[in-house]
Amino acid sequence: MPIIVNLDVMLARRKMRSKELAERIGITEQNVSLLKSGKVKGVRFDTLALICKALDCQPGDVLEYRDDAAGATVPPSARA
């Protein structure tokens, strides 16, 4: 999948546990775990906004696009 979820990285940078994030944004720890593993097909914008607020970050800090063919991150200047 070309979308990579970096939620675990942001949690580590903020020294926050999944349980604390789940409590702050009102979802279950299991759902946070599924988000961290990338085993979800989508995330609601309001949930993403709550994650960003709790972690004091931007959506691009949590989600990353990676071109499967090249295996490298596509820089913002190359995106349409």
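In this predicted model, residues 24 or more positions apart account for 62% of the contacts in the chain with a separation of 6 or more. The elements behind this picture are five helices and three strands, and along the sequence they follow the pattern β-α-α-α-α-α-β-β. Of the 80 residues in the chain, 28% are buried. The chain exposes about 5,700 Å², with carbon and sulfur atoms supplying 52% of that area.

A good place to look next is the interior. In soluble globular proteins, nonpolar side chains tend to be buried together. Here, the largest nonpolar core holds 17 residues, and the members that touch the most others are L7, L11, L21, I51, L55, C57 and V62. Helix 1 (7-13), helix 2 (18-25), helix 3 (29-37) and helix 4 (45-55) are the elements that each give two or more residues to this core. Helix 4 provides the largest share, five residues. I51 offers a helpful close-up: leaving aside residues up to four places away in sequence, I51 touches L7, I25, L35 and V62.

The surface also has a feature worth a visit. The largest pocket encloses about 160 Å³ of space. Its lining is made up of 14 residues, of which I3, V5, V40, V43 and L63 lie closest to the pocket centre. Strand 1 (3-5) and helix 4 each supply at least two residues of this lining. By residue class, the lining of the largest pocket comprises 11 nonpolar, two polar and one charged residue. Helix 4 thus appears in both settings, giving five residues to the core and at least two to the pocket lining.

Terms used: Residues are numbered from 1 along each chain as its sequence is written. This is a predicted model: local features need pLDDT of at least 70, side-chain atom pairs count only at pLDDT 80 or more; totals for chains, interfaces and linings use all residues. Side-chain values use heavy atoms; hydrogens and water are left out. Helices (H or I, at least four residues) and strands (E, at least two) are DSSP runs, numbered from the N terminus. Buried means under 20% relative accessible area, exposed over 50%, partly exposed in between (1.4 Å probe, protein chains only). Contact means heavy atoms within 4.5 Å. Accessible areas come from the Shrake-Rupley method with a 1.4 Å probe; for residues, only the protein chains shown count as cover. A nonpolar core is a set of buried Ala, Val, Leu, Ile, Met, Phe, Trp, Tyr and Cys residues joined through side-chain atoms within 4.5 Å. On a 1 Å grid over the protein atoms alone, a cavity is a set of points where a 1.4 Å probe fits but cannot get out, and a pocket is an open set with protein on both sides within 12 Å along at least five of seven lines; lining residues have an atom within 4 Å of a point. Grid points are joined across faces, edges and corners, and a volume is the space filled by probe spheres set on the points. Ala, Val, Leu, Ile, Met, Phe, Trp, Tyr, Cys and Pro count as nonpolar, Asp, Glu, Lys and Arg as charged, and the others, Gly among them, as polar.
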